[in-house]
There are 2 protein chains.
Amino acid sequence: MTGTTEHQPAARRSDATRATILAAARKRFAADGYEKATIRAIARDANIDPSMVMRYYGNKAALFAVAVAIDPDLPGLPLEPPGEIGRTLVRHFLTLWEENGELTALMRVGATDPAAAERMQSVLREQLIPLARRVGPDPEQAQMRAALCASTVLGLALTRYVLRFPASMALSHEEIVDWLGATVQRYLTAPAP
Amino acid sequence: MTGTTEHQPAARRSDATRATILAAARKRFAADGYEKATIRAIARDANIDPSMVMRYYGNKAALFAVAVAIDPDLPGLPLEPPGEIGRTLVRHFLTLWEENGELTALMRVGATDPAAAERMQSVLREQLIPLARRVGPDPEQAQMRAALCASTVLGLALTRYVLRFPASMALSHEEIVDWLGATVQRYLTAPAP
DNA sequence: TAGTGTTGCCAACACGCGTTGACCAACAAG
DNA sequence: CTTGTTGGTCAACGCGTGTTGGCAACACTA
């Protein structure tokens with residue numbers, strides 16, 4: 001046996017450093033975006049040499065990819081009661097965003113990097129549109145309804161976590177779920193105007 | 001007389017170049033954001049030497065400031081009929097965004113630059129909140145209601161013009177005004193839930 | 001104790017950036 | 001024709017970046 005448990009790669013002494021680097025990278029990417037979050041700054045935060053970042057993660061792009069790997073896991077959401085789907089979705093996204101800053105990083109980078117924008121779009125395509133197709137009145141409108149929901153949720157995230165408007169940060173969780181929940185519910189289920 | 005009309009600064013031969021530079025700058029900033037829109041690239045687009053950009057605009061930050069100078073002019077909007085304010089506002093922002101790409105540039109930069117974010121916030125503070133105070137039921141809720149409206153409009157702009165989600169770009173002007181107009185109307189005037 | 005791989009630091013590379021100043025061509029005024 | 005102003009190019013600077021390779025210290029195995 002090489003490690004503490006079977007079939008596991010041996011626990012290395014450098015694992016702690018790896019984790020420190022990753023944490024610092026997440027923080028920097030979320031705060032500054034891709035370009036302004038330099039390898040040197042990340043290394044300084046992690047109290048190691050910049051070359052270590054390269055050794056453990058290959059290059060900057062690969063580090064970013066590892067740092068923002070996340071899945072909203074929308075299919076796991078309960079669809080009952082049908083009148084509560086909007087609120088459920090908004091609450092889910094809200095906690096998702098509060099718990100990990102990776103999403104803020106992804107949005108900051110998506111503003112200028114097409115690859116990150118594509119990553120965000122894939123969530124819409126593979127999770128939100130199918131959901132809209134299942135709960136909406138007309139499957140043909142699923143794409144439109146999902147797009148409206150995405151703009152609702154991302155709009156709040158933009159003003160609250162990226163641009164950090166005080167008026168948006170002042171909103172309580174309850175207020176957000178109440179107001180945006182009703183909006184998303186309407187976008188998903190109401191008949192087209 | 002020095003120019004073609006009185007009391008005007010003389011028309012200079014370089015005005016055309018100045019305008020070309022500014023147009024190229026707007027396009028690049030909107031497409032790439034602040035960091036990736038290099039002076040060299042802007043100059044190449046304008047078919048002149050990078051040093052000319054400096055001569056005419058001082059430095060990169062000043063060029064950006066000139067390139068994104070814009071005022072949504074919300075106070076000029078008609079508040080009648082009161083049931084149409086939401087639609088009016090959404091329509092106004094929509095044409096504003098379609099007509100000039102400066103707003104896209106401002107959002108791309110605001111994602112990583114606090115100064116640009118502050119510029120956007122000033123619109124909310126000086127124009128949207130006062131408007132919400134006038135048309136809303138309770139002046140104390142004006143800040144909250146304006147924040148919700150801002151997130152609605154900016155959310156659409158984000159998914160449609162910045163991230164360029166196909167599902168969002170596929171929406172017609174009528175669909176946007178219908179769906180988002182009702183949302184904004186509710187955020188502004190409906191009693192708190 | 002000798003040997004081998006791992007963990008880390010240091011110095012340097014090549015590159016692209018914003019920015020500067022010297023220099024040249026065209027034109028207008030005397 | 002001469003002189004001064006304007007519009008423009010060219011080559012270079014200093015800097016910070018991502019990235020690389022060499023080298024010292026350590027930890028573990030035999």
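**Notes on a two-copy model with DNA**

1. Reading along the sequence, chain A runs α-α-α-α-α-α-α-α-α-α. That makes 10 helices and 0 strands in chain A. Keep in mind as you look around that this is a predicted model.

2. On overall dimensions, the C-alpha trace of chain A spans about 60 × 45 × 30 Å along its principal axes. Chain A has 193 residues, and 41% of them count as buried. If you take the contacts in chain A with a separation of 6 or more, 62% of them join residues 24 or more positions apart.

3. Now for the pair. A turn of 180 degrees, with a shift of 0.0 Å along the axis, lays chain A on chain B with an RMSD of 0.1 Å. The two copies are therefore related as by a two-fold rotation axis. To find that axis from chain A, look for A:Gly155: its C-alpha is 1.7 Å away, the closest of the residues of chain A.

4. How do the copies meet? They do so through the same surface, because 100% of the interface residues of chain A are also interface residues in chain B.

5. Next, DNA strand C. There are 16 residues around this strand, and those that come nearest are A:Ser14, A:Asp49, A:Ser51, B:Thr38 and B:Asn59. The elements giving two or more residues to this surface are α3 (50-57) of chain A, plus α2 (39-45) and α3 (50-57) of chain B. Of the elements, α3(B) gives the most, with 3 residues.

6. As for the make-up of the surface near DNA strand C, you'll find 6 polar, 5 charged and 5 nonpolar residues there.

How values were computed. Residues are numbered from 1 along each chain as its sequence is written. Chains are lettered from A and ligands numbered from 1 in the order in which they are written. This is a predicted model: local features need pLDDT of at least 70, side-chain atom pairs count only at pLDDT 80 or more; totals for chains, interfaces and linings use all residues. A residue is near a molecule or strand if its C-beta atom, placed from the backbone, lies within 6 Å of it. Helices (H or I, at least four residues) and strands (E, at least two) are DSSP runs, numbered from the N terminus. Ala, Val, Leu, Ile, Met, Phe, Trp, Tyr, Cys and Pro count as nonpolar, Asp, Glu, Lys and Arg as charged, and the others, Gly among them, as polar. Copies are superposed by least squares on the C-alpha atoms of residues with pLDDT of at least 70 in both. Two residues are in contact if their C-beta atoms, placed from the backbone, lie within 7 Å. A residue is buried if 20 or more other C-beta atoms lie within 10 Å of its own, exposed if 12 or fewer, and partly exposed in between; C-beta atoms are placed from the backbone.
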